[in-house]
Amino acid sequence: MPAFTHHVFVCGNVRAPGHKRGCCDPDGTQALRDAFKKELKKGGFGTLARANQAGCLEQCEHGPTVVIYPQGIWYGHVTVDDVPRIVTKTLIGGEILNDLLIADSCLNNPECPHRRPENKG
């Protein structure tokens with residue numbers, strides 16, 4: 001079997017309502033992952049692309065978070081409505097969606113401005 005052209009990991013971490021770092025799958029239904037699976041099938045990827053539920057990806061303040069490998073593209077604040085666009089524009093078209101992209105300077109950075117207490121709701 002050939003290697004995946006795309007492997008989409010969808011954070012499915014569930015936290016209690018009101019948690020200071022947020023929650024990527026507040027209702028625990030894996031709806032975002034399921035939307036990716038549906039769109040990958042519609043896109044004709046067959047066995048060349050896969051969407052998997054992941055545990056915490058440590059980008060909670062940007063959640064719901066998705067990472068696409070092998071490209072290493074990190075998207076944040078992803079909704080089910082974003083999924084068709086991600087599949088069409090990024091996975092098929094190779095385009096980075098800047099409105100969803102988590103900046104490299106924020107990845108795994110405790111000093112990311114999104115993690116500062118003054119930016120919490």
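Just after helix H1, Gly44 takes a positive phi of about 80 degrees. That's one detail of what is a predicted model, so here's a quick tour of the rest: the helix before that glycine, the sheet beneath, and the nonpolar residues in between.

**Helix H1**

- H1 covers residues 31–42. At 1.5 Å a residue, its 12 residues should span 16 Å, and the end C-alpha atoms do sit 16 Å apart, so expectation and model agree.
- Leu32, Arg33, Ala35, Phe36, Glu39 and Leu40 are the buried residues of H1. Looking down the helix axis, you'll find them within an arc of 155 degrees, which means they line one face.
- As background, an α-helix has 3.6 residues a turn, so residues three or four places apart point the same way.
- Flip to the other side of H1 and you get exposed lysines: Lys38, Lys41 and Lys42.
- The cover over the buried residues of H1 includes S1, S2, S3 and H2.

**The sheet**

- There are 4 strands in an open sheet, ordered S2-S1-S3-S4, with mixed pairing. S2 and S4 are at the edges with a single partner strand each, so one side of each has no neighbour in the sheet.
- On average, neighbouring strands are turned by 20 degrees against each other, direction ignored.
- S3 and S4 pair in the antiparallel sense, over 3 bridges. For Val66, the bridge partner in S4 is Tyr75.
- H1 packs on this sheet and touches S1, S2 and S3. The direction of H1 makes about 175 degrees with that of S2.

**Nonpolar cores**

- The largest nonpolar core has 20 residues, and the members touching the most others are Val8, Phe36, Val66, Ile68, Tyr75 and Ile86. Two of those names, Val66 and Tyr75, are the bridge partners from above, and Phe36 is one of the buried residues of H1.
- Elements giving two or more residues to this core are strands S1 (6–11), S2 (49–54), S3 (66–69) and S4 (73–75), plus helices H1 (31–42) and H2 (83–92).
- Which residues does Ile68 touch, leaving out those up to four places away in sequence? The list is His6, His7, Val8, Ile73, Tyr75, Ile86, Thr90 and Leu91.
- A second core of 10 residues is separate from the largest one, and Cys11, Val67, Ile102 and Leu107 are among its members.

Note on methods
Residues numbered from 1 in each chain as written. Predicted model: local features only at pLDDT ≥ 70, side-chain atom pairs only at ≥ 80, totals over all residues. Heavy atoms only, no water. Core = buried A, V, L, I, M, F, W, Y, C linked by side-chain atoms within 4.5 Å. Buried < 20%, exposed > 50% of the residue type's maximum accessible area, 1.4 Å probe, protein only. Contact = heavy atoms within 4.5 Å. Expected span 1.5 Å × (residues − 1). Arc of directions from axis to C-beta. Pairing = 2+ DSSP bridges. Axes fitted to C-alpha atoms, helices over the stretch in contact; angles between N-to-C directions.
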